[in-house]
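Open the structure in your viewer and keep the selection tool at hand. This tour moves from stop to stop, saying what to select and what is there.

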Amino acid sequence: MQRAIALAQSVLSAGPNPRVGCVVVRDGQVVGEGFHQKPGEPHAEAVALSEAGDRARGATAYVSLEPCAHMGRTPPCSDALIQAGIAEVVYAGSDPNPQVSGQGLQRLREAGIRVRGPVLADEADALNRGFLKRMTQGLPWVRCKMAMSLDGRTAMASGESKWITGAAARADVQLMRASSCAVVTGVNTVLSDNPSLNVRPDQVSEAHAALIGERQPMRVVLDSSLRTPPDSRLIDLPGDILFLTGQPHPQQRARYRGSRAGIREIAVQPGGRLDLRAAMACLALDYECNEVMLEAGPTLSGAMVQAGLVDEVVIYIGARFLGSDALPLFHLPGINRMQDHIGLEITGVRQIADDCCITARLRRVL
């Protein structure tokens with residue numbers, strides 16, 4: 001099963017599908033293995049069974065996620081396992097998708113196939129945190145990426161921020177973008193930085209460059225009144241671009257006529273600010289985004305944290321001081337007592353060349 005999970009991990013993103021790996025074993029020997037690369041292509045089981053051929057009959061299939069039982073872009077994997085003559089299926093994680101949820105396992109049992117699992121469920125679930133959250137909560141897994149100096153600053157008072165970290169850390173960010181279904185920012189970041197928010201294959205290893213070149217995550221701007229300049233860099237680059245907005249004036253909409261930008265109106269809160277929960281629900285339910293990467297300034301990032309919409313923060317730390325006049329990491333108003341703090345569980349610390357990267361999960365301490 002560890003090999004099946006490792007195969008699934010080799011895929012940066014299969015969104016909106018989950019990442020899945022499969023290994024077929026007969027008489028103690030691996031006779032076939034595979035993983036699902038992207039929607040429309042064969043699922044992991046089909047790839048592994050194709051490699052195994054006739055050797056799949058009487059074999060055991062190890063799958064990192066329970067096999068599907070419905071017809072989507074490809075045929076049901078449970079049927080493929082039955083037709084191949086598999087004797088036993090061992091699965092790691094359960095699939096909460098209502099179209100799957102136990103139905104594939106039941107079909108296997110009815111066909112006389114032994115079924116065991118879940119096995120290494122925690123490791124398997126970690127592969128598809130976004131998919132599982134989208135299916136169970138109607139929200140994407142949100143990872144907030146920030147870069148700061150050692151004294152906790154993200155930019156000079158003037159807004160200048162290039163570069164806090166080095167090239168190796170920036171290349172690491174490219175892989176994180178590539179593993180996301182969408183990269184989200186706010187209009188103020190667009191106005192101040194004119195970012196691209198695309199994935200740049202030239203900044204990563206040759207092994208990852210080919211995978212990244214095939215897919216760009218959707219670029220999303222939270223812009224309540226469509227203030228984003230039509231000539232902004234992120235509008236003209238390849239890939240999908242989406243504005244989540246309130247109820248802008250028709251003249252504002254007209255500025256983007258002829259561009260590749262999509263415009264979607266969502267609920268606003270009193271004062272005209274976008275409803276952030278509605279924005280994330282829109283990305284999950286209407287655009288099938290499993291994992292979302294938030295790359296924004298202190299205000300939007302802080303608001304997302306305080307709204308309980310950030311699952312994980314990834315903070316790159318450059319070995320430098322920017323001084324007390326520079327901008328803070330998060331804008332988190334209203335925290336005046338220690339007991340009101342927002343707690344974090346640090347899940348990873350990495351050295352990246354001269355920089356450091358800390359990964360942490362959010363947990364509010366009441």
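The stops below cover strands, cores, a pocket and a few single residues of a predicted model.

**Stop 1: strand β3**

Select residues 60-65, which form strand β3. Five of these six residues are buried, so the strand is largely enclosed by the rest of the structure. Now add its partners. Strand β1, residues 21-26, pairs with β3 in the antiparallel sense over four bridges. Look for V25, which stands opposite T60 in β3. Then add strand β4, residues 88-93. The pairing of β3 and β4 is parallel and runs over five bridges. Here V63 has Y91 of β4 as its bridge partner.

**Stop 2: strand β10**

Next, select residues 241-245, which are β10. Is this strand mostly covered or mostly open? It is mostly covered: five of its five residues are buried. Turn the view to compare the two sides. In a regular strand the side chains alternate between the two faces of the sheet. On one side of β10 are I241, F243 and T245, and on the other are L242 and L244. All of them are buried, and both faces of the strand are covered.

Add β9, residues 218-222. β9 and β10 pair in the parallel sense over four bridges, with V220 opposite L242. Add strand β11, residues 261-265, too. It runs parallel to β10, and five bridges join the two. I241 has A261 of β11 as its bridge partner.

**Stop 3: the largest nonpolar core**

Stay with L244. Which residues does it touch, leaving out those up to four places away in sequence? They are V220, V221, L222, D223, S224, R264, I266, L274, A279, C282 and L283.

Now widen the selection to the core. Nonpolar side chains tend to be buried together in soluble globular proteins. The largest nonpolar core here has 36 residues. Those with the most contacts inside it are V220, L222, L244, L283, L294 and M304. Elements that each supply at least two residues include β6 (141-149), β8 (182-186), β12 (291-294) and α13 (298-306). The most comes from α12, which gives five residues.

There is also a second, separate core of 22 residues. Select V20, A52, V89 and I113 to find part of this second core.

**Stop 4: helix α12**

Select residues 276-285 to see α12 by itself. L276, A279, M280, C282, L283 and A284 are buried in this helix. Then zoom in on the start of α12. A side-chain oxygen of D275 reaches to within 3.1 Å of the backbone nitrogen of R277.

**Stop 5: helix α6**

Jump to residues 129-137, helix α6. R129, G130, F131, L132, K133 and R134 are buried here. Just after the helix, pick out G138, which takes a positive phi of about 70°.

**Stop 6: the second largest pocket**

Show the surface and find the second largest pocket, with a volume of about 840 Å³. It is lined by 38 residues. Which lie closest to its centre? Select R19, R129, R143, S179 and E291. Among the elements that each supply at least two lining residues are α1 (2-9), α5 (121-127), α6 and α7. β15 gives the most to this lining, with four residues.

**Stop 7: S180**

Select S180, in the loop between α7 (167-178) and β8. Why does S180 count as buried? Its relative accessibility is 0%, and buried means under 20%. A polar atom of the S180 side chain lies 2.9 Å from the backbone oxygen of M176. Setting aside residues up to four places away in sequence, S180 touches R143, R215, P217, E291 and M293.

**Stop 8: E312**

Finish at E312, found in strand β13. E312 is buried, with a relative accessible area of 4%. Its side chain is joined to that of R143 by a polar contact of 2.9 Å. Now add R361. E312 and R361 are 49 residues apart in sequence, while their C-alpha atoms are 4.4 Å apart in space. Beyond its neighbours within four places in sequence, E312 is in contact with residues including R129, W141, T347, A360 and L362.

Terms used
Residues are numbered from 1 along each chain as its sequence is written. This is a predicted model: local features need pLDDT of at least 70, side-chain atom pairs count only at pLDDT 80 or more; totals for chains, interfaces and linings use all residues. Side-chain values use heavy atoms; hydrogens and water are left out. Buried means under 20% relative accessible area, exposed over 50%, partly exposed in between (1.4 Å probe, protein chains only). A nonpolar core is a set of buried Ala, Val, Leu, Ile, Met, Phe, Trp, Tyr and Cys residues joined through side-chain atoms within 4.5 Å. Contact means heavy atoms within 4.5 Å. A polar contact is a pair of N or O atoms within 3.5 Å; within protein, one must be able to donate a hydrogen and the other to accept it, and residues adjacent in sequence count only if both atoms are side-chain atoms. Two strands pair if DSSP finds at least two bridges between them. On a 1 Å grid over the protein atoms alone, a cavity is a set of points where a 1.4 Å probe fits but cannot get out, and a pocket is an open set with protein on both sides within 12 Å along at least five of seven lines; lining residues have an atom within 4 Å of a point. Grid points are joined across faces, edges and corners, and a volume is the space filled by probe spheres set on the points.
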